[in-house]
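Reader: Hey, I've got a protein model open and I'm a bit lost. Could you walk me through it?

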Amino acid sequence: MTAAPTADVLRLEGIRRSFQQGETRLDVLRGADLSIAAGEIVALVGPSGAGKSTLLHIAGLLERPDGGTITVAGQRCDGLGDGPRTALRRSAIGFVYQFHHLLPEFSAIENVVLPQMIAGAARPAARQRGRDLLARVGLAARLDHRPAQLSGGEQQRVAIARALANAPKVLIADEPTGNLDHSTAEAVFEMLVEVVRSTRVGALIATHNLDLASRMDRVVEMRDGVLVGQ
């Protein structure tokens with residue numbers, strides 16, 4: 001795959017994060033650096049416990065680092081208060097997890113509409129964007145189905161559409177195909193790549209699937225608290 005990257009939409013510099021376990025300090029991130037451009041897809045690999053999820057949480061403004069700088073969509077945000085961080089996360093970052101975390105009582109389109117309305121969008125505009133996004137991920141005929149009526153692959157497609165609902169600059173994905181069988185994972189991955197390319201979002205995707213990782217633009221490995229292979 002070849003991206004046509006432009007300006008960085010995510011930049012992490014010197015990210016440090018430690019945790020205290022009893023009398024022992026565990027240094028999970030020891031100065032991790034990463035930059036991702038618009039339209040670029042970067043795979044994050046490494047063994048379980050290496051700190052990938054911690055890095056994703058920090059990049060997604062869900063967790064604060066002990067040190068280092070974070071820039072999202074051109075805005076320095078490591079020093080922001082909780083309110084501005086939440087607002088930036090809502091407008092500039094989309095999340096996809098291994099488990100879809102859809103709201104079971106709502107239909108596919110309602111799951112995509114809700115984050116838009118929370119961000120202040122009018123319902124008619126939110127529904128139209130929801131229809132467009134679900135059509136883009138191949139679910140135009142499943143708008144009114146609840147998650148229990150959808151297959152695992154369809155549920156994850158809804159989750160991807162939801163992550164893109166507010167037109168983020170950055171997409172953070174943690175094992176987005178890890179809960180799917182091989183053929184479904186392939187289909188979801190190809191769809192995810194197409195959507196990332198067409199929307200020019202910058203994507204950081206953690207995966208244990210080295211075949212999928214090798215088909216992204218770059219592969220970075222979490223090793224001893226830093227990122228290598230850039």
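What follows is a chat about the strands, helices, salt bridges and a few unusual backbone angles.

Reader: What kind of model is this, and how are the residues numbered?
Author: It's a predicted model, where local features need pLDDT of at least 70, side-chain atom pairs count only at pLDDT 80 or more, and totals for chains, interfaces and linings use all residues. Residues are numbered from 1 along each chain as its sequence is written, and side-chain values use heavy atoms, with hydrogens and water left out.

Reader: Which residues does the UniProt domain annotation cover?
Author: The unreviewed UniProt entry puts "domain: ABC transporter" on residues 10-228. UniProt positions are given in the numbering used here, feature names are shortened, and annotations may be inferred rather than shown by experiment. In the model, that span is 36% helix and 28% strand, and its end C-alpha atoms lie 17 Å apart. Helices (H or I, at least four residues) and strands (E, at least two) are DSSP runs, numbered from the N terminus.

Reader: Ok, sheets. In what order do the six strands of the open sheet come?
Author: The order is β6-β7-β8-β3-β9-β10, with mixed pairing. Two strands pair if DSSP finds at least two bridges between them. At the edges stand β6 (93-96) and β10 (226-228), each with a single partner strand, so one side of each has no neighbour in the sheet. From one strand to the next, the twist averages 25 degrees. Axes here are lines fitted to C-alpha atoms, for helices over the stretch in contact, and angles run from 0 to 180 degrees between N-to-C directions.

Reader: How many bridges join β3 to β8?
Author: Four, and the two strands run parallel, with β3 covering residues 41-45. A43 has I205 in β8 as its bridge partner.

Reader: Which helix packs on the sheet?
Author: Helix α1 (residues 52-59) does, touching β3, β6, β7 (170-174), β8, β9 (218-223) and β10. Contact means heavy atoms within 4.5 Å. The direction of α1 makes about 155 degrees with that of β7. Helix α2 (residues 82-92) lies across β6 and β7, at about 70 degrees to β6.

Reader: And how do β1 and β2 run, parallel or antiparallel?
Author: Antiparallel: eleven bridges join β1 (residues 8-21) to β2 (residues 24-37). Q21 stands opposite T24 in β2. The hairpin has two residues between the strands, and G22 takes a positive phi there, near 65 degrees.

Reader: Which residues other than glycine have a positive phi?
Author: Two examples are A73, with phi near 50 degrees, and R200, at about 65 degrees. Most residues other than glycine have a negative phi. A73 is in the loop between β4 (67-72) and β5 (75-76), while R200 is in the loop between α6 (182-199) and β8 (202-206).

Reader: Are those two buried or partly exposed?
Author: Partly exposed: the relative accessible area is 39% for A73 and 33% for R200. Buried means under 20% relative accessible area, exposed over 50%, and partly exposed in between (1.4 Å probe, protein chains only).

Reader: New topic! How many salt bridges are there?
Author: The count comes to 13, where a salt bridge is a side-chain nitrogen of Lys or Arg within 4 Å of a carboxyl oxygen of Asp or Glu. One of them joins R142 to E154, with the closest N and O atoms 3.2 Å apart. R142 is in the loop between α4 (123-136) and α5 (152-163) and E154 is in helix α5, so the pair ties together parts twelve residues apart in sequence. E154 is buried at 18% relative accessibility, whereas R142 is partly exposed at 24%.

Reader: Any others worth a look?
Author: R223 and E221 meet in a salt bridge at 2.8 Å, N to O. R223 is partly exposed at 43%, and E221 is partly exposed too, at 27%. Salt bridges that share partners also join E186, E190, D211 and R215 into one network. Within that network, the closest N and O atoms of R215 and D211 are 3.0 Å apart.

Reader: Last one: which residues of helix α3 are buried?
Author: In α3 (residues 108-118) they are A108, I109, N111, V112, V113, P115 and Q116. These buried residues pack against α4 and α5. After α3 comes G120, with a positive phi near 105 degrees.
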